[in-house]
Amino acid sequence: MVVPALFKLEPKESLEELYDFEKELEELRRGYEDGRIVAVLGLRRMGKSSLLRSFLNSFSIPHVYIDARRVAVATGRATTRGFMEEVGRALAEFMRREAPLRDKLAEALRRVRGVSVGLSPVTVTLSWGRERADLISLMEAVDEVVGRAGRRLALAIDEAQELRGIGVDIPRRLAYIYDNLHNVVVFVSGSQVGLLYDVLKLDSPQSPLYGRAVFEVKMRRLRREEAVDFLKRGFQQAGIHVSQRELEEAVDSLDGIIGWLTYFGWSRVVGAKSLEEILDAAARQEAEEISRFLAKSRSEARYRAILKAVAARPMRWSEIKRVLEAEEGAAVDDRNLTDLLHRLEKVGLLEKREGLYAIPDPVVRLAVERYISTAPA
Ligand SMILES: Nc1ncnc2c1ncn2[C@@H]1O[C@H](COP(=O)(O)OP(=O)(O)OP(=O)(O)O)[C@@H](O)[C@H]1O
Ligand SMILES: [Mg+2]
């Protein structure tokens, strides 16, 4: 069974692999050329990492790519140490890609306290002793080398909201980079847009980043005909015939979210029998993810009740309040309800449109309907 490139599950890495999103690519290019901080925003699975990686790779942009999700994976939770390990790994990868600059980069980085650089294989180790390197001194070294070569460096932090609570003052560092390192453009991406803005503290006048221009690139859903075309092409590549009716049913259920369309295509190619089977598998996975989020919260029961209510149909604030009060048999504090809804919006589980709260991702909605119960497990 050959899975076509279009249905590969990992983030796409180059423009040849990427479907569509030309306008968004053009926006990234403008952000890179004219901006200093570029934010790629969108729900989970809307193609943020694919867009960013394909852009950086295909236009041969010198880049240091930090995957903030990996920071937590290394040490169980996000810590400063995990962050610095990830930065070291990202710098080494950068040097491997940039052969012509490699020796100069090695030389510049070695001058930074607490850094050791190996060349075969390329490694960058950041000491964890008393002499610690800092993101700023590392970026200063890189900025100089890249600037002398007449280029601009992209410092990309994917899923930057995951850096919450690591004990590194990210806004202050980014503000310093913004003000002083003129050959560096910072890219941040986030699926939990509200939390991303919390981490960067963009809206607070006391924050070092306040008032700096942020260039936003918003991911979008594929239109219906694009989504059908995407699936058709992938199945064609795979040499599998799928009826127009099945394609349309899939597109109707998956709501133009490219990651779900890819998952559908992949599953169908590797042997899943039906849309229903695929949706159910996806919903189970999502339910696990949602449960992990709920388990971490002190308001677990209320979150469950809210999600269950709006999964059935979009609701106004006052309707949600009535449902909760009926459930609990007691009055619910207005302020508390507003806070909880706000929090669910921030992490992308809820969206408010024209006064109605709804779950924006169709698979998440299904997961809540089928696998999340009102009472904690
Ligand atoms: N433009 C595209 N063309 C083809 N496939 C894509 C495209 N964008 C994303 N995909 C596919 O969709 C899935 C999700 O993509 P990606 O990981 O880039 O999204 P994301 O927004 O970064 O998701 P997450 O929030 O989970 O990090 C992957 O399987 C990827 O291969
Ligand atoms: Mg991603």
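This report describes the surroundings of ligand 1 in a predicted model, and then turns to two backbone features.

## Where ligand 1 sits

Ligand 1 occupies the second largest pocket of the model, and the elements that contribute two or more residues to its shell are α2 (48-58) and α11 (258-270). Because domain 1 (21-218) and domain 2 (224-286) both give residues to this shell, ligand 1 lies between the two domains.

## The shell around the ligand

The ligand is surrounded by 23 residues, of which L9, E10, K12, K48 and S50 are the closest. Sorted by class, the shell is made up of nine nonpolar, six polar and eight charged residues.

## Polar contacts and burial

Oxygen atoms of ligand 1 take part in contacts with both side-chain and backbone atoms of the protein, as the following cases show. On the side-chain side, a polar atom of R69 lies 2.9 Å from an oxygen atom of ligand 1, and an N or O atom in the side chain of R44 is 3.2 Å from an oxygen atom of the ligand. On the backbone side, an N or O atom of M46 is found 3.3 Å from a ligand oxygen atom.

Taken alone, ligand 1 would expose 620 Å², and the protein buries 94% of that area.

## Two backbone features

Apart from the ligand, the peptide bond that joins S120 and P121 is cis, with omega at about 0°. P121 belongs to the loop that runs between β3 (115-119) and β4 (122-126).

A further feature concerns D20, a residue other than glycine whose phi is nevertheless positive, with a value near 65°. D20 is placed in the segment before α1 (22-34).

Key:
Residues are numbered from 1 along each chain as its sequence is written. Chains are lettered from A and ligands numbered from 1 in the order in which they are written. This is a predicted model: local features need pLDDT of at least 70, side-chain atom pairs count only at pLDDT 80 or more; totals for chains, interfaces and linings use all residues. Side-chain values use heavy atoms; hydrogens and water are left out. A residue is near a molecule or strand if one of its heavy atoms lies within 4 Å of it. A polar contact is a pair of N or O atoms within 3.5 Å; within protein, one must be able to donate a hydrogen and the other to accept it, and residues adjacent in sequence count only if both atoms are side-chain atoms. Accessible areas come from the Shrake-Rupley method with a 1.4 Å probe; for residues, only the protein chains shown count as cover. On a 1 Å grid over the protein atoms alone, a cavity is a set of points where a 1.4 Å probe fits but cannot get out, and a pocket is an open set with protein on both sides within 12 Å along at least five of seven lines; lining residues have an atom within 4 Å of a point. A molecule sits in a cavity or pocket if more than half of its atoms lie within 2 Å of its grid points. Helices (H or I, at least four residues) and strands (E, at least two) are DSSP runs, numbered from the N terminus. Ala, Val, Leu, Ile, Met, Phe, Trp, Tyr, Cys and Pro count as nonpolar, Asp, Glu, Lys and Arg as charged, and the others, Gly among them, as polar. Domain bounds come from an automatic or database domain assignment.
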